[in-house]
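Visitor: I am new here and would like to learn how the descriptions of this structure are reached. Could you show it to me and take me through them?

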Number of protein chains: 4
Amino acid sequence: MVVIAGPCAVESREQVMTIARHVKGCGAHMLRGGAFKPRTSPYSFQGLGEEGLRILAAARDETHLPIVTELLSEDDIPLMARYADMIQIGARNMQNFRLLREAGRIGKPVLLKRGISATIEELLNAAEYVRSEGCEDIVLCERGIRTFETSTRFTLDISAVPVLRQRTHLPVIVDPSHAAGARELVPALARAAAASGVAGIMLEVHPDPGQALSDGPQALTLEMFAELKRDLDRIAALMQDLSHAGRGRKRASAHGAGA
Amino acid sequence: MVVIAGPCAVESREQVMTIARHVKGCGAHMLRGGAFKPRTSPYSFQGLGEEGLRILAAARDETHLPIVTELLSEDDIPLMARYADMIQIGARNMQNFRLLREAGRIGKPVLLKRGISATIEELLNAAEYVRSEGCEDIVLCERGIRTFETSTRFTLDISAVPVLRQRTHLPVIVDPSHAAGARELVPALARAAAASGVAGIMLEVHPDPGQALSDGPQALTLEMFAELKRDLDRIAALMQDLSHAGRGRKRASAHGAGA
Amino acid sequence: MVVIAGPCAVESREQVMTIARHVKGCGAHMLRGGAFKPRTSPYSFQGLGEEGLRILAAARDETHLPIVTELLSEDDIPLMARYADMIQIGARNMQNFRLLREAGRIGKPVLLKRGISATIEELLNAAEYVRSEGCEDIVLCERGIRTFETSTRFTLDISAVPVLRQRTHLPVIVDPSHAAGARELVPALARAAAASGVAGIMLEVHPDPGQALSDGPQALTLEMFAELKRDLDRIAALMQDLSHAGRGRKRASAHGAGA
Amino acid sequence: MVVIAGPCAVESREQVMTIARHVKGCGAHMLRGGAFKPRTSPYSFQGLGEEGLRILAAARDETHLPIVTELLSEDDIPLMARYADMIQIGARNMQNFRLLREAGRIGKPVLLKRGISATIEELLNAAEYVRSEGCEDIVLCERGIRTFETSTRFTLDISAVPVLRQRTHLPVIVDPSHAAGARELVPALARAAAASGVAGIMLEVHPDPGQALSDGPQALTLEMFAELKRDLDRIAALMQDLSHAGRGRKRASAHGAGA
């Protein structure tokens, strides 16, 4: 089970380096961070742009963590092609079909987040836009849907994991940070996702969430991430074990039936 | 009350001309039609592109109806600047913030459709992206939100009309065709919208809906449009009358109170 | 078009009498008011019980307005049978199937409100529970569904009106007060409902909404009701006129086709 | 972690006995089964009534599994008091406030299911109705909420588990069967729930789901239940372990800080 961790937005070299070293030390597999931020208001912090990508690349150089970062516009594709290891299409752009096609032509893996009111069928169709351009390396991400419930920022649709696993061979990951909108809720959701059979989990981490320029309330502290990562490793190991045991019982039962 | 009518997608010169002449004859004020179509599946008809824009322009030349058509990508801005009278941002792109900014720089009015799960607050913030680039001529369009109810394609949020009128001076129109997803429901919704105080109504019309390349089930036939347009004119006249009467009563009561 | 008006909760004889006389004077057709109130918290005002029913009956005696009031429990059926002219089943009880059956046996008309997350199909099935006990006089009421939008208390599903008119011969009314949750929004929604083809509109009215024991923010003042009632009468007259004109055109066209 | 299992509806003595013996053998802690069934249509199977309760009681006598069964109406309270060990209030009755009060007076534990569109706040208020009558032994159950997604019957709101654990000391369980509506999805959701920190899981089991009189598609077969129960035991053991480890680290860190 892959763990992708990092800040919501790249804020400074120091911030990213601190996080990258920490999550690497805890065994994370990839570094996330946004250089171009889609923000509800035009007057909010919009990301550092290319400078942010350079910071992410520097963190990769030191930690060897591949980086995944969001593509917001066709105009930024040359930058993405230069810096990113994996291209993220955010929830708001899941049906920005031109962008999906362009992302599919970059020649890098694509992480496609489900729109906040997209059906699973629409998510699979959006992936088909990326695939129709020749990209086969696509990861789907459940990150919460919009419902009437307001005690969480979005409602994590955990059922999307088994449903997607029935309908596609593409790997499915979960982002509990955006779904929850509150860091206290993230560990329980991450553990649930791990036990539901995901291929990976994507987490927001910040050394000082109270000072974060974007989505601070949902960022795990470094300590919380370390503890959660230990839990996730244990759950992932158990899941593998259960999966082997299940296959074993199926073989035994098939053997018994044949005898 | 402005009535905007036309096909979902531009399919051919003959189709657009037939519709444009008919809706002009019925008193419509603008012609709508998509040359670039955002479709759930990459294998559906994606629109005629520039050829579609040329057809719309020809229809404008003959009927003098200004044309509104959807902008899907920054790449198409030069074409839009050449052909369109009003730039439509579709529901799927309501939070495509780069596109919003670019649309705001074209120097033409912008019709901004509400995302299917966007709050009214988010719609106003999206308009702010357009406005932040200097465009003051923005029209907001309610076109149905996604809910649990499946007997209509979307749920027309008619309450958005009075809520938006409280919160912004921008004109608000309603698109009942996309909300309903079924032409039989469109007249009742259009009449309701007219009585709710909208500045305009946007309707899909097709001479032969059964053969439409996109969204045929929700397109009005030419006859249905003619009949509905007559009804809308009557309702619009009544609304103006009621509004004058209301202001008259307020003046009288203020006068009485002052006496 | 029938107009049903009255307070959310019966609070006192004076309150009900003031409202009943006023709405009668404005031409309302029925008086509404709750004696048993379903409240989210057990510590909120729960209604006056039988005393409330007696007050309603006194108002009916004076104004000759029939009264509609909510049945909350099988235990209250004898009281309902004695005092009410029409039995209301509230949104929270739309799938309280035992109560539906009991209501169908009382021998009085039943006003069935749609649950806040009930599909139209489920509403029709709930009506079938009432009908299966022999009650044919059932009125369906759209009163807003629960969605992600928080700028209104619920989202008035205006499309339910034409959808229900396609699927059932039962009359359909709209309650814009509960949907809106704010009196400023009620007139626009009521006008929209009137133009959508409803058989009636149900409105909450209070002489002093700031002092109401329940749902004050959505109650119209007496003045607002008077003005809205005048508007609704005009719209209802126009709707009848349009409907006659539509039938006339259809006859003419059938005649022409036959000639 | 408590596991409650059994059929949706009690259909026959043989059916219940088969299930009860099987789930007891697998280590389940309680038996569920409905004798009074709330069904969308009045023409569907409505349950065996008292005969169903007698069958459940017989299964309890043999297996010593306590039984939980749904209360639909105040009229059935004497029967419930005689046969049930725990009173279930179903999702449709979560705001049937009279029934909540009556359930709180029976003197038995109450299992309160969240309404399909009830907020967590409303669920807590509903529990308060039960508690206000003196019942302190209340279990809350998340069983899926209604959203736009149709690939599952409801959307399991897994976030409700950590949110409720923050806001109340009442135990929280999850019913993945009703949420999923399809047995293939139930194991993944049950495992997720187990890892999210629930106090229990409630599962529908049927020896021959294809012949079930109610909700067959979501019932686990006996074999599926046996396998899932083994998995849940392993996850529950791990969760306890992680919880101890977490507390150990906190003590160590507090000790370190104090040193």
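Guide: Gladly! The largest cavity has a volume of about 120 Å³. This is a predicted model, in which local features need pLDDT of at least 70, side-chain atom pairs count only at pLDDT 80 or more, and totals for chains, interfaces and linings use all residues. Residues are numbered from 1 along each chain as its sequence is written, chains are lettered from A and ligands numbered from 1 in the order in which they are written, and side-chain values use heavy atoms, with hydrogens and water left out.

Visitor: What makes a space a cavity?

Guide: On a 1 Å grid over the protein atoms alone, a cavity is a set of points where a 1.4 Å probe fits but cannot get out. Grid points are joined across faces, edges and corners, and the volume is the space filled by probe spheres set on the points. Searching the whole structure gives six cavities of 30 Å³ or more.

Visitor: Which residues line the largest cavity?

Guide: There are 14 of them, and the closest to its centre are A:Thr147, B:Arg146, B:Thr147, C:Thr147 and D:Thr147. A lining residue has an atom within 4 Å of a point. The lining divides into four nonpolar, six polar and four charged residues. Here Ala, Val, Leu, Ile, Met, Phe, Trp, Tyr, Cys and Pro count as nonpolar, Asp, Glu, Lys and Arg as charged, and the others, Gly among them, as polar.

Visitor: Why is B:Cys141 not bonded to B:Cys8?

Guide: A disulfide is a pair of cysteine sulfur atoms within 2.5 Å. The sulfur of B:Cys141 lies 13 Å from that of B:Cys8, its closest cysteine sulfur, so the two are too far apart for a bond. Over all chains, the count of disulfides is zero. D:Cys135 is likewise in no disulfide, the nearest cysteine sulfur being that of D:Cys141, 16 Å away.

Visitor: Why is D:Cys135 called buried?

Guide: Buried means under 20% relative accessible area, exposed over 50%, and partly exposed in between (1.4 Å probe, protein chains only). D:Cys135 has 8% relative accessibility, so the word buried applies. B:Cys141 is buried too, at 1%.

Visitor: What makes helix α8 of chain A mostly covered?

Guide: In this helix, residues 186–196, 11 of its 11 residues are buried. Among them are A:Val186, A:Leu189 and A:Arg191. Helices (H or I, at least four residues) and strands (E, at least two) are DSSP runs, numbered from the N terminus. After α8(A) comes A:Gly197, with a positive phi near 105°.

Visitor: How do you know that chains A and B are related by a two-fold axis?

Guide: Copies are superposed by least squares on the C-alpha atoms of residues with pLDDT of at least 70 in both. A rotation of 180° with 0.0 Å of shift along its axis places chain B on chain A, with an RMSD of 0.0 Å. The two copies are therefore related as by a two-fold rotation axis. In chain B, the C-alpha nearest the axis belongs to B:Ser117, 3.0 Å from it.

Visitor: Why do you say these copies meet through the same surface?

Guide: Because 100% of the interface residues of chain B are also interface residues in chain A.

Visitor: Where is D:Gln95, and what does it contact?

Guide: D:Gln95 sits in the loop between β4 (86–89) and α4 (97–104) of chain D. Contact means heavy atoms within 4.5 Å. Leaving aside neighbours within four places in sequence, D:Gln95 is in contact with C:Thr40, C:Arg92 and D:Glu122. At 13% relative accessibility, D:Gln95 counts as buried.

Terms used
On a 1 Å grid over the protein atoms alone, a cavity is a set of points where a 1.4 Å probe fits but cannot get out, and a pocket is an open set with protein on both sides within 12 Å along at least five of seven lines; lining residues have an atom within 4 Å of a point.
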